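Opened the notebook to jot down what I look up as I go. Rings and charges come up early, then loops, strands and cores.

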Amino acid sequence: MKRGMERGPAHATGRFGVAVVRGQSMEPTLSDGDRLLGSYRARPAPGSLVVARFVDGTVAVKRATEQRLLRSGAPGWWLLSDNPSEGVDSRHRGPVDSDAVLGVVLLRMWPSPRPGRMLAGR
């Protein structure tokens with residue numbers, strides 16, 4: 001995901017955001033161009049799809065697999081692609097700070113609606 005779910009003025013008062021999937025890293029669960037509805041206030045759980053910002057600034061949709069500690073001792077998440085041969089994830093960049101998880105995907109809105117519970121786990 002290259003855009004959407006950005007933290008900004010709306011984040012302080014807004015509850016939901018829209019994200020657009022870019023690339024094949026989440027296939028077969030999500031495809032390039034899928035539109036997602038996410039919640040800024042939901043907390044991830046293992047198996048959740050999340051929108052997160054990696055240390056280099058890249059914003060991506062990934063699967064939160066487990067909580068891990070960062071080198072600093074702060075809590076973080078281990079984020080993986082559903083398609084391990086595509087994209088970059090925690091295998092390449094390490095765990096992501098919990099504060100860098102921008103939102104939890106609630107559902108795929110387009111091309112056909114699919115609730116988040118159907119996107120969780122594989």
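Before the ring entries, the rule I'm using: a charge sits over a ring if NZ of Lys or CZ of Arg is within 6 Å of the ring centre and within 35 degrees of the ring normal. I also remind myself that this is a predicted model.

**Rings and charges**

I looked up R93 and found it over the face of F54, at 5.6 Å from the ring centre. That value is within the 6 Å the rule asks for. Then I checked R68: its charged end sits over the ring of W78, 3.9 Å from the centre. How many aromatic pairs are there? The count comes to 0.

**Cis peptides**

I went through the prolines next. The bond joining E27 and P28 is cis, with omega about 10°. I placed P28 in the loop between β2 (16–20) and β3 (35–39). W110 to P111 is also a cis peptide bond, and here omega is near 15°. P111 belongs to the loop between β8 (101–110) and β9 (114–115).

**The loop between β3 and β4**

I picked three residues here. A42 is in the loop between β3 and β4 (49–53), P46 is in that loop, and so is S48.

Is S48 buried or exposed? I get 14% relative accessibility for S48, so it counts as buried, the cut-off being under 20%. Beyond its neighbours within four places in sequence, S48 is in contact with K62, R63, A64 and V104.

P46 goes the other way in my notes: its relative accessibility is 60%, and because exposed means over 50%, P46 counts as exposed. Leaving aside neighbours within four places, I still find P46 in contact with A64, T65 and W77. For P46 and T65 I noted a C-alpha to C-alpha distance of 4.7 Å, with their positions 19 residues apart in sequence.

A42 comes out at a relative accessible area of 29%, so I have it down as partly exposed. I also looked at A42 and F16: they are 26 residues apart in sequence and 9.6 Å apart in space, C-alpha to C-alpha.

**β4 and its partners**

I moved on to β4, which is mostly covered, with 4 of its 5 residues buried. β4 pairs with β5 (59–69) in the antiparallel sense, and I count 5 bridges there. Which residue is the bridge partner of V50 in β5? It is K62. The two strands form a hairpin with 5 residues between them, and G57 in the turn has a positive phi of about 100°.

β4 also pairs with β8, again in the antiparallel sense, over 3 bridges. Within that pairing I found A52 standing opposite V101 in β8.

**Cores**

Last, I looked up the nonpolar cores. The largest has 12 residues, including A19, M26, L36, L49, V51, V59, V61, L102 and L119. Which elements give two or more residues to this core? They are β4, β5 and β8. Apart from it lies another core, of 11 residues, with L79, A100, V101 and V104 among them.

A general note I keep beside this entry: in soluble globular proteins, nonpolar side chains tend to be buried together.

Two names turn up again as I reread the page. V101 is in the core of 11 residues and stands opposite A52. V104 is listed in that core too, and V104 is one of the contacts of S48.

How values were computed:
Residues are numbered from 1 along each chain as its sequence is written. This is a predicted model: local features need pLDDT of at least 70, side-chain atom pairs count only at pLDDT 80 or more; totals for chains, interfaces and linings use all residues. Side-chain values use heavy atoms; hydrogens and water are left out. Rings of Phe, Tyr and Trp (its six-membered ring) pair if their centres lie within 6.5 Å; planes under 30 degrees apart count as stacked, over 60 as edge-to-face and the rest as tilted. Buried means under 20% relative accessible area, exposed over 50%, partly exposed in between (1.4 Å probe, protein chains only). Contact means heavy atoms within 4.5 Å. A nonpolar core is a set of buried Ala, Val, Leu, Ile, Met, Phe, Trp, Tyr and Cys residues joined through side-chain atoms within 4.5 Å. Two strands pair if DSSP finds at least two bridges between them.
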